[in-house]
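Open the model in your viewer and keep the selection panel at hand. Each stop below tells you what to select and what is there.

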Amino acid sequence: MKILLIIPAYNEQENILRTYNEIVEYNKIHNTNYDVIVINDGSKDHTEQILKDNKIPHIELIHNLGIGGAVQTGYKYALINDYDVAIQFDGDGQHDVNYVGNIIEPIKKGVSNMSIGSRFVSDSTSEFKSTKARQLGIKLLSSFIYFFTREKVYDVTSGFRAIDRSLIKKFSISYPLEYPEPISTTEILKEGYKVSEIGVSMNERLGGVSSIRSWKNVYYMLNVLMSIVVIGIRGGKK
Amino acid sequence: MPMNLRMAILMVAIVLLLVIFRALSKKTIPVKYSFLWIISVIILILLALVPNTLIWFASKLGFQAASNLVIGVFLIILIFITISLTIIVSSQNRKITLLIQELSILKEKIKD
C-alpha cells in the first residue's frame, strides 16, 4: 500500500523540519514507508529554504492558494503518483504521526472512504480539545451536518484525515478552496461515501498562526453553515 | 417627464454606447460580455425617446414619479451586471487555482 502524508505549510519555519524528522524517525522505528509531500503555500518566511536545505520532498506553489488549494495540490500529486491513501497532516506540530496507523486502518480494511482523526470520540485521549467557544461551534456544525446527511461526525474541522483512492480522484477534480474540512465531509456524506472517526490526541500549536483566526470565527461559521445548507438542499449525485 | 431628464438619459446612453463600441473594437472586452451593456443602453434610449410609455408604466407599477422608475431600472441593470461579474470572477478564480497547482506540480517534476 502506497501511503502519502500531505503537509500543507504556510509560514511554518519553526515547525516544518521537526514535523518531517518525526515522520522519518517513525518510519525507521516501525518499518513503515509513509511518503511525505510538503505543499509550501507561498510562505513569506524561510520555509522554502528549510525545505530545500534538508531535501524534504515538496511542491512550491508559485502563488498562495489557501489551505484548500494547497491540500488539493497534494491530492493531485497523490493521484499522479498512484497512491492508495492520502493523509492530510498539519506541519505545525498539532498532529502526531503515531496515530496515522490507526487512522488508515478503516481504509485498509475497505470499510470507509474517509477516516478522520478525531478529538471528540470516546477513545480519544486528547488533552487539547480547543477552546469552549470553538467546541460549541464544532457541535453546531456537527448537528447541521447530521440534519442534512443523517450521519454523525463529531470532529468536523479536524485536518487530520485520510482518504482512499476514490476520494483522491474526486478531490483532485473538485475541493473547496476555503474551510475545506466540514464542507467536503458534508459533500461526500451526501453522495454516499463512508466516513469513520478514529480517536486521536492532538497537541496545541507549537508555533505559527492558525488558519482560523478568532476575529474571523463568526464569518467562518456563517460561511460553513451556509455551505452545508446549500449542499443539503442540492442533494446527492451518487 | 422633463425634457432635461430625457436629454440627460440620452446623453448617458450615447456615451455608454461609445465606450462599449470602443472597447469592442479595441478588443478589450469580448462580444459576449458586451450584450448586457448593449441591452442596458437600448433600455435607456427607449426611456428617453418614449417617455409616455414610461410614465404609464411607472403609474401602473405604483411609482410616484417617472424618474423613480428610471432609477429603479438602473438599479436592476447594475445588480444584474454585478451578479454576472461575480460569476465570471468565480470561474476565473477556479481556472487560476488550477493553473497555479498544475504549474507548481510541473515545476517540481522537472527539478529532478
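The tour covers a strand, some aromatic rings and a pocket, in a model that is predicted.

**Stop 1: a covered strand.** Select residues 3–9 of chain A, strand β1. How many of its 7 residues are buried? The count is 7 of 7. In a regular strand, side chains alternate between the two faces of the sheet. Now show the side chains. Ile3(A), Leu5(A), Ile7(A) and Ala9(A) point one way from β1(A). Leu4(A), Ile6(A) and Pro8(A) point the other way.

Add residues 34–40 of chain A, strand β2. β1(A) and β2(A) pair in the parallel sense, over 7 bridges. Centre on Ile6(A): opposite it, in β2(A), stands Ile37(A).

**Stop 2: a charge over a ring.** Select Lys2(A) and Tyr83(A). Lys2(A) lies over the face of Tyr83(A), 4.6 Å from the ring centre.

**Stop 3: aromatic pairs.** Over all chains, the model has 9 aromatic pairs. Start with Phe89(A) and Phe160(A). Are these rings stacked or edge-to-face? Their planes meet at 80°, so the pair is edge-to-face, with centres 5.4 Å apart. The two residues are 71 apart along the chain. Phe89(A) sits in the loop between β4 (85–88) and α4 (100–108) of chain A. Phe160(A) sits in the loop between α5 (132–149) and β6 (161–163) of chain A. Relative accessibility is 1% for Phe89(A), which counts as buried. For Phe160(A) the value is 0%, and this residue too counts as buried.

Move to Tyr179(A) and Tyr220(A), an edge-to-face pair at 4.9 Å centre to centre, with 85° between the planes. Tyr179(A) lies in the loop between α6 (165–173) and α7 (180–190) of chain A. Tyr220(A) belongs to helix α8 (residues 217–234) of chain A, so the pair ties together parts 41 residues apart in sequence. Both Tyr179(A) and Tyr220(A) are buried.

Then select Tyr75(A), Phe171(A) and Tyr175(A), which ring pairs link into a cluster.

**Stop 4: the second largest pocket.** Keep Tyr175(A) selected and add Ser174(A), Pro176(A), Leu177(A) and Arg94(B). Of the 28 lining residues, these five lie nearest the pocket centre. The space amounts to about 820 Å³. Elements giving two or more residues to the lining are α3 (67–80), α6, α7 and α8 of chain A, plus α4 (66–111) of chain B. Which element gives the largest share? Colour α4(B): it supplies 8 residues. Finally, colour the lining by class: 9 nonpolar, 10 polar and 9 charged residues.

Technical notes. Residues are numbered from 1 along each chain as its sequence is written. Chains are lettered from A and ligands numbered from 1 in the order in which they are written. This is a predicted model: local features need pLDDT of at least 70, side-chain atom pairs count only at pLDDT 80 or more; totals for chains, interfaces and linings use all residues. Side-chain values use heavy atoms; hydrogens and water are left out. Rings of Phe, Tyr and Trp (its six-membered ring) pair if their centres lie within 6.5 Å; planes under 30 degrees apart count as stacked, over 60 as edge-to-face and the rest as tilted. Helices (H or I, at least four residues) and strands (E, at least two) are DSSP runs, numbered from the N terminus. Buried means under 20% relative accessible area, exposed over 50%, partly exposed in between (1.4 Å probe, protein chains only). A charge sits over a ring if NZ of Lys or CZ of Arg is within 6 Å of the ring centre and within 35 degrees of the ring normal. On a 1 Å grid over the protein atoms alone, a cavity is a set of points where a 1.4 Å probe fits but cannot get out, and a pocket is an open set with protein on both sides within 12 Å along at least five of seven lines; lining residues have an atom within 4 Å of a point. Grid points are joined across faces, edges and corners, and a volume is the space filled by probe spheres set on the points. Ala, Val, Leu, Ile, Met, Phe, Trp, Tyr, Cys and Pro count as nonpolar, Asp, Glu, Lys and Arg as charged, and the others, Gly among them, as polar. Two strands pair if DSSP finds at least two bridges between them.
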